[in-house]
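Take a first look at the fold below. Then read on, one residue at a time.

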Amino acid sequence: MRRENKQEQNQNMDIIDNINKVGVPNVPNFENNIQFITIVGEIEGHTSSSTGKKATKYEHIIPMLIAAVQDPKIEGLFIILNTEGGDVEAGLALSEMINSIDKPKVSLVLGGGHSIGVPLATATDYSFIVPTAAMTIHPIRTTGLVIGVPQTFRYFQKMQKRINDFILRTSNISEETLTKLMFATDELANDIGTILIGKEAVEYGLIDEVGGFSQALKKLHELINERKNIEK
């Protein structure tokens, strides 16, 4: 009886430990040729978030991407996004890292791909968005006071150009349309920008297709098979 109780206690401790690590009571252990990466909440950069929100640390994602590239068993990457944005340079660094990987890549925007989440969504070979997901396009902004000197203004101009150039390079949206959406004044209270919902992001050429997890996964398998055929 004591032995059974001890085994049950050990199992419960294992479940609790797993919940603390990955947020679910049990994760199936199986061989997979796809690396799934989730980017959720606020994207942290060089400083830790003090807001108490859920956050994705870019220094955690980069090693996962490196491992996926080096592992010969991994044939494709599936990026799942539900982010409010966050650190601009960290988000852009992750976007460039994902885009530079030479294995097939697909992204799926779930709840949201806001702000710097936009280039993260377009960084892959093919992008999906679910019908109810939202993407906010707006110029770079910062909290608090900005010193009104020419150097500060030029810095923000250059940073904005880096983001815009990346989005234009990795999506089908035109520069004119991107600029128009970014500086719209009729959608966001006390701010400028545009919120795109589901198919709107596709209609503007920002995202490739409206679809869910299964559709995105099917597309990734297609891209993997296409690459195999080319290599043959």
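**A walk through the chain**

Start with Val-106. Setting aside neighbours within four places in sequence, Val-106 is in contact with Leu-77, Phe-78, Ile-79, Thr-124, Tyr-126, Phe-128, Ala-216, Lys-219, Leu-220 and Leu-223. Contact here means heavy atoms within 4.5 Å.

Before going further, know what you are looking at. This is a predicted model, in which local features need pLDDT of at least 70, side-chain atom pairs count only at pLDDT 80 or more, and totals for chains, interfaces and linings use all residues. Residues are numbered from 1 along each chain as its sequence is written, and side-chain values use heavy atoms, with hydrogens and water left out.

Where does Val-106 sit? Val-106 belongs to strand β4, residues 105–113. Helices (H or I, at least four residues) and strands (E, at least two) are DSSP runs, numbered from the N terminus. Val-106 counts as buried because its relative accessibility is 0%. Buried means under 20% relative accessible area, exposed means over 50%, and partly exposed is in between (1.4 Å probe, protein chains only). Now look along the chain to Lys-218. Val-106 and Lys-218 are 112 residues apart in sequence, yet their C-alpha atoms are 9.9 Å apart in space.

Two of the contacts of Val-106, Tyr-126 and Lys-219, also meet each other. The charged end of Lys-219 sits over the ring of Tyr-126, 4.4 Å from the ring centre. For this, NZ of Lys or CZ of Arg must be within 6 Å of the ring centre and within 35 degrees of the ring normal.

Phe-78, another contact of Val-106, leads to the aromatic rings. Rings of Phe, Tyr and Trp (its six-membered ring) pair if their centres lie within 6.5 Å; planes under 30 degrees apart count as stacked, over 60 as edge-to-face and the rest as tilted. By this rule there are 4 aromatic pairs. One of them joins Phe-36 and Phe-78, with 5.3 Å from centre to centre and 35° between the planes, a tilted pair. Phe-36 lies in strand β1 (residues 34–44) and Phe-78 in strand β3 (residues 76–86), so the pair ties together parts that are 42 residues apart in sequence. Phe-36 is partly exposed, because its relative accessible area is 29%. Phe-78 is buried, because its value is 0%.

Phe-78 has a further partner. The ring centres of Phe-78 and Phe-213 are 5.1 Å apart and the planes are at 35°, so this pair is tilted. It links distant parts of the chain: Phe-78 is in strand β3 and Phe-213 is in helix α8 (residues 213–231), 135 residues apart. Phe-213 is partly exposed, because its relative accessible area is 39%. Ring pairs thus link Phe-36, Phe-78 and Phe-213 into a cluster.

Strand β1 also appears in a pocket. The second largest pocket has a volume of about 330 Å³. It is lined by 11 residues, and the closest to its centre are Thr-38, Val-40, Thr-56, Ile-61 and Met-64. On a 1 Å grid over the protein atoms alone, a pocket is an open set of points where a 1.4 Å probe fits, with protein on both sides within 12 Å along at least five of seven lines; lining residues have an atom within 4 Å of a point. Grid points are joined across faces, edges and corners, and the volume is the space filled by probe spheres set on the points.

Which element gives the most to this lining? β1 does, with 4 residues. β1, β2 (55–57) and α2 (58–70) each supply at least two. The lining residues divide into 7 nonpolar, 3 polar and 1 charged.

Next, visit helix α6 (residues 175–182), where Leu-181 is placed. Leu-181 counts as buried because its relative accessibility is 6%. Its C-alpha atom is 6.7 Å from that of Ile-137, 44 residues apart along the chain.

Val-210 is in strand β8 (residues 209–210). Is Val-210 buried or partly exposed? Val-210 counts as partly exposed, because its relative accessibility is 29%. Val-210 and Pro-131 are 79 residues apart in sequence and 6.3 Å apart in space, C-alpha to C-alpha.

Finally, step back. The protein chain has 8 helices and 8 strands. Buried residues make up 38% of its 232 residues. Among contacts with a separation of 6 or more, 69% come from residues 24 or more positions apart.

Technical notes:
Nonpolar A, V, L, I, M, F, W, Y, C, P; charged D, E, K, R; others polar.
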